Structures are given as structure tokens and as C-alpha cells.
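Hi,

Here is the structure I said I would pass on. Have a look at it first, and then read my notes underneath.

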Amino acid sequence: GLQVNPTFYSLWIGTYDVLGYALSGGAGDVITEQAVFQQSLNAIMDAIAATGASGAIANIPNIKDIPFFTTIPIYGLQLTQDLADQLNQAYAPYNQGAQAVGAPEMVFQAGYNKFVIADTNAPYNLIGGLRQITDGEYLLMSVPQDSLKCAGWGSQKPIPGQYTLIAPEVELINNATIGFNTAIETSIFGNKTALVDINSAFSGLSAHGFTIDGVTLTNEFVQGNVFALDGIHLTGQGNAFVAHLFIKQINQLFTSNVPQVNITDYPAVTFP
């Protein structure tokens, strides 16, 4: 802590101010209010500034780059033609109601289809509180797989809201992420703090990956080396990647020569 009068600090905060809400599918926890986050961040940075310490601060990643939210595809409902025909027949009354309130109809075909999810917002509250998931929304890794495979979830029954992030929830999360990252960036004082852009780095994991010390790092579940089996926390190599980013920015800003971490010294996914 600051009681030891540091000359250098590292700081990475804000992730769980958003992530707790996201992990609950918007059904539990809340996103920290922007004003509260800003006030807390200001207090921390003012206290650090009073010590005269230099340091590095990291921003937070977008959920689209975290496998907990992206591993289960929204187009994961695989149907035969017979099953598709049965669902189309079963949802015919729903589609009549959807037409009446101007909502999208549910349509199924042989092959891969969008899952059926719960949504009690208007106008879906008028037609059973369910619909098919849409692009830009997420199915969480916490959804029970046996319920998807054996209990009709996502087809005959909607996937409950605590296992999904629908558009209004995604908008709240994205806005908070942008707001917190803006606050972090503007909190930097003078040339004494390096900004570690975790958000862009994790986006790069998704887009093209990185090869460091002969190890290929991506955000792919299990095989990407960065994320652990829960799809959220980082492996040893994932934490080493974050350390690599910190050291890179520290060396760049302060023209220092801190030795880089060797990614191969740390484990990736450890299987049970």
C-alpha cells in the first residue's frame, strides 16, 4: 500500500465493476455508477500523486473478448427438418401474436438456428416473454448444457435470462466499459504513468492473436492459452501476457530496461 511510500506502482481496477453484472446475465449484481467509479479512481490517483510515485495503470477489456460470453454460439440450435417443422407448427400462434405487436416472428429450419431465450421487455411481454436471440447478444457459459441437450431449453422452452445478455444489458455493459476506460485514461497525470491498453490487447487476441516466445495466444476457450477453464480468469500464461503488456509500456514510457517475462515459464490450461 501507500504506507510504504512507493516510488513505483501498478494498478488494474474496474474490471469487476462491470463483470459482476455481466456474469449474472444482468440478473444479479449491478454495474458501478460512473460517478462512483470516477470518485474512487480520483481518490486513488490523488493519493498516489501525493507520494510522487511513477507507475502504470491498465484499462479493462470488453466482454466480447472473454470466452465466457462467446464460446456458446447463438446459432447453436441444431435441428433436423422434422424438428424444425414441429417447432414452426408449435410457434404458429406465437407468430400470429408477434405480427399483431410488430415483433419478429420465430422461424426454424434444418441445420443451425438461433436459440429461443426469455425476454420480458415490451413487446415480448405481450407474447409470452420469449423470442429468438439476435446478433450482438450473448449466451453465457454458465448455461446448463444438459438443459440445452435434453430438457428443450432454447427450443421448446426459453433459456432463462440469467444465462443470457440481451441487447439492453449489452448496451449498459459497453457504455460502462467505455466510460470507465475514458476515466482511466484521463486520470493519468503528466508523464509519470504508463497506460496499459488491455482493452486493445484483448481485442487483438480475438482478431488475430499474438505469438510471444513461440507461444500462440488467442481468446479461444481452452486452446487459446490465455483463459482458464471457467472462461473468465487467466491462466499462468494469460497473466504472463498481461505482465508482458505492463513491462512493454513501462519500458517505452520511462526508457527503462525491465526484463520481459518469458511466457513459456508459465502454464496454460491445466486439465483435471
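Below is what turned up when I went through it, starting with the empty spaces and ending with a few backbone oddities.

One thing to keep in mind: this is a predicted model, and every value here is computed from it.

Let's start with the pocket. The largest one holds about 250 Å³ of space. It has 15 lining residues, and the closest to its centre are Trp12, Thr15, Tyr16, Leu19 and Ile232. Helix α1, residues 15-23, gives the most to that lining, with four residues. By character, the lining of the largest pocket splits into ten nonpolar residues, four polar and one charged.

There is also closed-off space. The structure has one cavity of 30 Å³ or more, and the largest cavity takes up about 60 Å³. Its lining is made of Thr15, Val18, Leu19, Ile60, Pro61, Ile63, Ile66 and Thr177. Here too α1 is the top contributor, giving three residues to the cavity lining. Six of the cavity-lining residues are nonpolar and two are polar, with no charged ones. If you click through the model, Thr15 and Leu19 are worth finding, as both are among the residues closest to the pocket centre and both also line the cavity.

Thr177 from that cavity list sits in α7, where it is buried. Other buried residues of α7 include Glu169, Ile173, Phe180 and Asn181. I also checked the length of this helix: α7 covers residues 167-186, and its 20 residues at 1.5 Å each should span 28 Å, which agrees with the 28 Å between its end C-alpha atoms.

Now the aromatics. The count comes to nine aromatic pairs. Take phenylalanine 202 and phenylalanine 241: their ring centres are 6.4 Å apart and their planes meet at 25°, so this pair is stacked (the cut-off is under 30 degrees). The two come from distant parts of the chain, 39 residues apart, with phenylalanine 202 in helix α8 (residues 198-207) and phenylalanine 241 in helix α9 (residues 236-254). Both phenylalanine 202 and phenylalanine 241 are buried. They also belong to a cluster, in which ring pairs link Phe202, Phe210, Phe227 and Phe241. Elsewhere, arginine 131 places its charged end over the ring of tyrosine 124, 5.4 Å from the ring centre.

Helix α9 also carries asparagine 239. At 45% relative accessibility, asparagine 239 counts as partly exposed. From there to leucine 253 is 14 residues in sequence and 21 Å in space, C-alpha to C-alpha.

Last, the backbone. Which bond joins alanine 122 and proline 123? A cis peptide bond, with omega at about 0°. Proline 123 lies in the loop between β5 (116-118) and β6 (130-132).

Two residues that are not glycine have a positive phi:

- Aspartate 29 has a phi of about 60°. It lies in the loop between α1 and α2 (34-51), and at 52% relative accessibility aspartate 29 counts as exposed.
- Asparagine 225 has a phi of about 75°. Its place is the loop between β11 (215-217) and α9, and at 19% relative accessibility asparagine 225 counts as buried, the cut-off being under 20%.

Cheers

Conventions. Residues are numbered from 1 along each chain as its sequence is written. This is a predicted model: local features need pLDDT of at least 70, side-chain atom pairs count only at pLDDT 80 or more; totals for chains, interfaces and linings use all residues. Side-chain values use heavy atoms; hydrogens and water are left out. On a 1 Å grid over the protein atoms alone, a cavity is a set of points where a 1.4 Å probe fits but cannot get out, and a pocket is an open set with protein on both sides within 12 Å along at least five of seven lines; lining residues have an atom within 4 Å of a point. Grid points are joined across faces, edges and corners, and a volume is the space filled by probe spheres set on the points. Ala, Val, Leu, Ile, Met, Phe, Trp, Tyr, Cys and Pro count as nonpolar, Asp, Glu, Lys and Arg as charged, and the others, Gly among them, as polar. Rings of Phe, Tyr and Trp (its six-membered ring) pair if their centres lie within 6.5 Å; planes under 30 degrees apart count as stacked, over 60 as edge-to-face and the rest as tilted. Buried means under 20% relative accessible area, exposed over 50%, partly exposed in between (1.4 Å probe, protein chains only). A charge sits over a ring if NZ of Lys or CZ of Arg is within 6 Å of the ring centre and within 35 degrees of the ring normal. The expected span of a helix is 1.5 Å times one less than its number of residues.
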